[in-house]
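Trainee: Could we go through this one together, salt bridges and buried spots included? I'd like to hear the reasoning for each answer.

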Amino acid sequence: METIELVNKLKKDWSSGIITQNVDLLLSLYDPKATLKPTLSPIIRTIPNDIKAYFIGSKQFNDSGFINNGINKIDFTQSFINEVENCIIDVGKYTFFKTDNQKIEADYTFVYLKVEDGLKIISHHSSLAVE
């Protein structure tokens with residue numbers, strides 16, 4: 001598969017995990033050593049259980065659960081991809097559309113690690129878009 005196809009497949013799977021609230025699918029896309037700077041939390045996550053807590057909710061981190069926001073569509077509106085050795089860096093913008101007709105606009109950086117069967121997210125930074 002070409003680089004762009006691998007990236008698009010991972011983003012499609014990631015979006016599906018958010019929309020269908022499938023935390024197991026989401027976690028399968030992240031490398032066990034991945035880091036996550038979430039969109040709606042100031043706390044950087046560095047272990048799988050903490051990444052899971054962000055997506056499903058956690059009293060420990062005061063998270064309501066990102067997948068519990070009623071997101072029914074995700075548009076990746078910009079994407080700039082650079083490939084460096086065994087990593088792919090993807091920087092851009094995405095919009096999360098919610099069932100209540102609200103939306104969340106954010107900037108992202110994904111760093112993907114090339115693995116035998118495709119890509120794994122090794123680093124993911126997301127922040128609300130600056131207006």
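Mentor: Sure, and let's fix one term before we start: a salt bridge here is a side-chain nitrogen of Lys or Arg within 4 Å of a carboxyl oxygen of Asp or Glu. Keep in mind that this is a predicted model.

Trainee: How far apart are the closest N and O atoms of Lys103 and Glu105?

Mentor: The cut-off for a salt bridge is 4 Å, and Lys103 with Glu105 makes the list. Glu105 is partly exposed, at 39% relative accessibility. For this pair, the closest N and O atoms are separated by 3.4 Å.

Trainee: How many salt bridges does the rule give?

Mentor: Side chains of opposite charge can pair when their charged atoms come close. Lys103 and Glu105 form one such salt bridge, and Lys114 with Glu83 is another. By the rule, the count is 7.

Trainee: Which residue forms a salt bridge with Asp63?

Mentor: Asp63 sits in the loop between α3 and β2 (71-84), and its partner is in the loop between β1 and α3, 18 residues apart. Asp63 has a relative accessible area of 12%, so it is buried. The partner is buried too, at 0% relative accessibility. The closest N and O atoms are 2.7 Å apart, and the partner is Arg45.

Trainee: What about Lys114 and Glu83: are they buried or partly exposed?

Mentor: These two form a salt bridge with closest N and O atoms 2.2 Å apart. Lys114 is in strand β4 (residues 103-115) and Glu83 in strand β2, so the pair ties together parts 31 residues apart in sequence. Buried would need under 20% relative accessible area. Lys114 comes out at 32% and Glu83 at 43%, so both count as partly exposed.

Trainee: Which residues does Ser15 touch, not counting residues up to four places away in sequence?

Mentor: Ser15 belongs to helix α1. Its relative accessible area is 9%, so Ser15 is buried. Leaving out residues up to four places away in sequence, the contacts of Ser15 are Ile74 and Phe76.

Trainee: Now helix α3: what covers its buried residues?

Mentor: Helix α3 runs over residues 48-56, and its buried residues are Asp50, Ile51, Ala53, Tyr54 and Phe55. The cover over them includes α1 (3-19), α2 (23-29) and β1 (30-37).

Trainee: And which residue just after α3 takes a positive phi?

Mentor: Helix α3 covers residues 48-56. Just after this helix, phi turns positive, at about 110°, and the residue is Gly57.

Conventions. Residues numbered from 1 in each chain as written. Predicted model: local features only at pLDDT ≥ 70, side-chain atom pairs only at ≥ 80, totals over all residues. Heavy atoms only, no water. Buried < 20%, exposed > 50% of the residue type's maximum accessible area, 1.4 Å probe, protein only. Helix = DSSP H or I, 4+ residues; strand = E, 2+ residues; numbered from the N terminus. Contact = heavy atoms within 4.5 Å.
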